[in-house]
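Subject: A structure for you to look at

Hi,

Here is the structure I promised to pass on. Have a look around first, then read my notes below with the viewer open.

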Amino acid sequence: MALRLSLWFAGLFTVGFSAIFALLYFTLARELEARDSEALQVRLAQYASLYSTGGLDGLRARVSEDSQLPNVRTLFIQMVGTNRSVVWGKLPADWIDQDVKRVVVPNGFGSWNVQNVYTLRVPRDQQQDFAIVQRVMPDGVLMQLGRTTDSRQVLLAPLRNTFLWVGSAVMVVGFGAGTVAAFRATRPLRGVVETARRIIADGDLEARVPPPRRADDIAELVGLFNTVLDKNAGLLRAMREALDNVAHDLRTPLTRLRGSAELALQASADPAAAGEALGDCVEQADEVLRLLRALMEISEAEAGMLKLEKTPCDLGAIARGATELYPEVAEARRQQLTFEAAGAVPVSADATRLRQAVANLIDNALKYTPPGGQVTVGARIEAGAAVLEVRDTGPGVPAADQPRIWERLYRGDQSRSQRGLGLGLSLVRAIVEAHGGKAEVRNAPEGGAIFTLRLPLAG
């Protein structure tokens, strides 16, 4: 990956450098051409004005006067008539080369003379170019001006050569710098790959990617990757603990179920005893089913798949209905169960699921409240939220256990002697969070625990 990034970096750097050079090269070439053309256009305008006022004779006289000037001495001037014949012209001396050949021509006196032959060579060599401008005069005569200029190809050749050397050096340096930068930039990514391979190959769930020194996007990616690994490790530990707890909780009802079934199958068993054993089998089977059903509901809620049939309802009415399920239980334990409501508490929720959550809280409060104690259920609106509280006068919840009582199958030291699945509070939290709410617990100053459910207020 680093090598590909280096090649891309070098390629893009080379393309960018070449584009800048090409722009400068063609801009310079156009400026040189425009400079030559502009000078000829100025001279052409002067001679055209002179020709229009003084005719060809005036033009000849002016050119003869200007011939001593360096910029005119090398100037080509030609007047072409409408029949395409040359009317008059001036050819610079440096445009004419003397040929080595000689020709013999008559001199008019019966003798012959040897004369040189002149040839026109424009441009003379590769060092010069030919620039010409022209204008049609009012009388139809075409005026042409031209001169030899330094070849732009020759002038720009050093620039091209410099580009080749500098461009090659830039490409090498760019590739080297890109390689170093790519390897440094992808070092954390290689760490991610190596860590993932080690986890897959060795099963080392504690392996983590060393954090980069600089805080950038890659460092954020490494941090998120390590966070995912931490969460996965925590989930795996929770799954192991949950499986251990499920195995422990299922062992007792399944052992009883097997014992009761064996008793009912004994041929010499009393029919009444067999019926009692079968009833116990049904009870133990129901307990196993409740455990499995609760686990499934909690998993669905935590995964966001719990089906909720939300309707406008009153949280106070839901709490009152759940409270009315437990008067006999409270009376049997010599406890006082009361309900308090300050008015309607509108929420948009699944009334059945909320009633289940409130019932679990009430059952839990009654379970840990001693005889003669009191459990109070209340609903109110507070700070723009619907709040339900269940207070008891029991021993409270130790501070170390408060964050963990919502976990699946967790039981604090005070609950070890209590019979139950250890899923009631987990189901409460799952249902409340599925409604977009939050479940909390704290101890009251005067003693006892206060369980609080906060839900979004309808409307």
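One thing to keep in mind from the start: this is a predicted model.

Let's begin with Thr 376. Leaving out residues up to four places away in sequence, Thr 376 touches Thr 338, Glu 340, Glu 389, Val 390 and Arg 391. You'll find Thr 376 in strand S10, which covers residues 374-382. Is Thr 376 buried or exposed? Its relative accessible area is 12%, and the cut-off for buried is under 20%, so Thr 376 counts as buried. Among its neighbours, Thr 338 deserves a click: the side chains of Thr 376 and Thr 338 make a polar contact at 3.4 Å.

Now for the charged residues. Side chains of opposite charge can pair when their charged atoms come close. How many salt bridges does the structure hold? There are nine, and I'll walk you through a few.

Start with Asp 66 and Arg 62, whose side chains meet in a salt bridge with an N to O distance of 3.0 Å. Both sit in helix H1 (residues 2-66), and they are four residues apart, which is about one turn of the helix. The two partners don't get the same label for accessibility: Asp 66 is buried at 8% relative accessible area, while Arg 62 is partly exposed at 33%.

Next, go back to strand S10 and find Glu 382. Which residues does Glu 382 pair with? One partner is Arg 380, with the closest N and O atoms 2.9 Å apart. Another is Arg 454, where the closest N and O atoms are 3.1 Å apart. Arg 454 lies in strand S13 (residues 449-456) and Glu 382 in strand S10, so this pair ties together parts that are 72 residues apart in sequence.

As for accessibility, Glu 382 counts as partly exposed at 28%. Arg 380 is also partly exposed, with 27% relative accessibility, and Arg 454 gets that label too, at 27%.

Finally, zoom out a little. Arg 380, Glu 382 and Arg 454 belong to a network of salt bridges that also links Glu 389, Arg 391, Lys 438, Glu 440 and Arg 442. Two of those names should ring a bell: Glu 389 and Arg 391 are among the residues that Thr 376 touches. So if you get lost, Thr 376 is a handy place to start, as it is in contact with Glu 389 and Arg 391, which are both part of that network.

Happy exploring!

Technical notes:
Residues are numbered from 1 along each chain as its sequence is written. This is a predicted model: local features need pLDDT of at least 70, side-chain atom pairs count only at pLDDT 80 or more; totals for chains, interfaces and linings use all residues. Side-chain values use heavy atoms; hydrogens and water are left out. Helices (H or I, at least four residues) and strands (E, at least two) are DSSP runs, numbered from the N terminus. Buried means under 20% relative accessible area, exposed over 50%, partly exposed in between (1.4 Å probe, protein chains only). A polar contact is a pair of N or O atoms within 3.5 Å; within protein, one must be able to donate a hydrogen and the other to accept it, and residues adjacent in sequence count only if both atoms are side-chain atoms. Contact means heavy atoms within 4.5 Å. A salt bridge is a side-chain nitrogen of Lys or Arg within 4 Å of a carboxyl oxygen of Asp or Glu.
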